[in-house]
Amino acid sequence: MAYSATADEHHDEHHDGPAPGLMRWVTTTNHKDLGTLYLWFSLIMFFVGGSMALVIRAELFQPGLSLVQPEFFNQMTTMHALIMIFGAVMPAFVGLANWLLPMMIGAPDMALPRVNNWGFWILPFAFTLLLSTLFMPGGAPASGWTMYPPLVLQTGEAFPFLILSIHLMGISSIMGAINIVATILNMRAPGMDLMKMPLFVWSWLITAYLLIAVMPVLAGAVTMLLTDKYFGTAFFTAAGGGDPVLFQHIFWFFGHPEVYILILPAFGIVSHIIPAFCRKPLFGKASMVYAMAAIAFLSFIVWAHHMFTVGMPLAAALFFMFATMLIAVPTGVKIFNWLATMWRSAMTFETPMLFALGFVFMFTIGGLSGLMLAIVPADFQYHDSYFVVAHFHYVLVPGSVFAIMAGVYFWLPKWTGVMYNETLGKLHFWLTTIFVNLTFFPMHFIGLAGMPRRIPDYALQFTTFNQMATIGAIGFGLSQLIFLYIVIQSARRAGEKASDRVWEGTEGLEFELSSPPAYHTFTTPPTVR
């Protein structure tokens, strides 16, 4: 975090000079430029995916088919999920990684700068393909983001475009992950061993290994879907001797580690912000590293908790139930360590800290409802109800999205050289927090009362809670315009100049914890081991 005053002197080391205008951004291999591109792309996709969520919530404002056709409603649920997961949350974390990892480990750039450029520029084409499916005969897939057969095989001409776009997203993710692993393992400053690395670096090292392990699994699953539809295979077609449940096993073997890919970098960000605003070192840094590694390992052996209702053997259901509950232990360690860091500290509540505290509190709510879903007999009641929607949105919105916003507010003054408007930042936090709870907390109740997911109509008794959720969603969406305004103002450098030590009063602790200043004073690249 404590970048030297000459942070931009090494800008564009891979060019003789920056290319003029637009071409500079297209051809750049500089990690800060690419980090910026990832973050802007993520913000655009966040609003695109969010507008789709508003279509879903508008339809559910009252019972009866009032706004859109059921088919289009389910296309919106599918596209909303794919865009938010692969277009908003993951690129935002990769953007933060691009910006911060080289500076945190004392490297002049990422290890593979051209791969870095390619990894980003695949994404706009992937999502153009994905969005274009909405305008094709038969429309976009209406199967949910899980793309379960046989339903997804009913998709019309858009189907191969869906599969290709997912392959492109996967290629981008794998390239980014390989780049991150290569950078962290080969380009650390002399004397920085692994346990001296900041926690954001650790979180991304673990996340990158997860990505490399599971993205090919998703690629295999969707390729098998493609051959089932067009090449006469029957992997998932019961009539040909295949098994639709096999797809669920393959998909969730990817899908569950993917959930941790979406949250581990958030753990890293929050582990920087909380110590900085508590003005004391993080409690139990080594245990935080081991906890993240344990979560990543366990994420590979719990996938079938998404499938308790498919009729698996009792022994398998019990194994997956206990393995799922086991993940609560390292996660609890992390929550405890953050709380212990705050205990008797000189805490202040600037915007990044507010988002980090919101993250800890509301992510815990999501974790507790996850434990409820882990219990096999109870899951038979919760499965495919709005309780599940409430659970994963509490993990992903006040979890991943809050952590991304906390990180942006925390590092934005260092990126742009100007302070954002703190009053507007706090307004953004409070509105977002109020509306996110108004949106998703009522879903616990309607889910427990039996309202199913992915259905555009519902029984009259669910009306009040659905109307609360819709009002919350609209408020949440509008609140993000404040965030957009703050980011644009900072990018235009409209604001008072940020000091060298942005968060006054942290007295170097923030810098010591985020990245030691000594690693940023070099003028020549460190020796590569």
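**Figure 1. Sealed-off spaces inside the predicted model.** This predicted structure holds 3 cavities of 30 Å³ or more. How do you spot a gap like that? Rolling a probe the size of a water molecule over the atoms shows where empty space is left. In this close-up we look at the second largest cavity, with about 110 Å³ of space. Its lining includes Y38, F86, M90, P91 and V94, and also M169, S172, S173, G176 and A177. Two elements, α3 and α5 (159–186), each give two or more residues to this lining. Which of the elements gives the most? That's α5, with 5 residues. As for chemistry, the lining splits into 9 nonpolar and 3 polar residues, with no charged ones.

**Figure 2. The second largest pocket, an open space with a mixed lining.** About 640 Å³ of space lies in this pocket. A total of 27 residues line the pocket, and T36, L39, W40, W99 and W415 are the ones nearest its centre. Helices α1, α2, α3, α13 (386–416) and α15 (463–491) each supply two or more lining residues. The largest share, 8 residues, comes from α2. Count the lining by type and you get 18 nonpolar, 4 polar and 5 charged residues.

**Figure 3. The largest nonpolar core and its best-connected members.** This core has 169 residues. Which of them touch the most other members? They are F86, F127, W204, W338 and F359. Helix α3 (residues 70–105) is the top contributor to the core, giving 23 residues. You may remember F86 from the first figure, where F86 helps line the second largest cavity.

**Figure 4. Zooming in on W338.** What does W338 touch, leaving out residues up to four places away in sequence? The list is F267, V270, S271, I274, L282, M288, F359 and V360. One of these, F359, is also among the core residues that touch the most other members.

**Figure 5. N30, tucked into a loop.** You'll find N30 in the loop between α1 (21–27) and α2 (31–59). Is N30 buried or exposed? N30 counts as buried because its relative accessibility is 2%, and the cut-off for buried is under 20%. Its side chain reaches the backbone nitrogen of K32 at 2.9 Å. The side chain of N30 also reaches the backbone nitrogen of D33, at 3.2 Å.

Technical notes:
Residues numbered from 1 in each chain as written. Predicted model: local features only at pLDDT ≥ 70, side-chain atom pairs only at ≥ 80, totals over all residues. Heavy atoms only, no water. Core = buried A, V, L, I, M, F, W, Y, C linked by side-chain atoms within 4.5 Å. Buried < 20%, exposed > 50% of the residue type's maximum accessible area, 1.4 Å probe, protein only. Helix = DSSP H or I, 4+ residues; strand = E, 2+ residues; numbered from the N terminus. Contact = heavy atoms within 4.5 Å. Polar contact = N/O pair within 3.5 Å; in protein donor to acceptor, adjacent residues only side chain to side chain. 1 Å grid on protein atoms, 1.4 Å probe; cavity = no way out; pocket = protein on both sides within 12 Å on 5 of 7 lines; lining within 4 Å. Points joined across faces, edges and corners; volume = space filled by probe spheres on them. Nonpolar A, V, L, I, M, F, W, Y, C, P; charged D, E, K, R; others polar.
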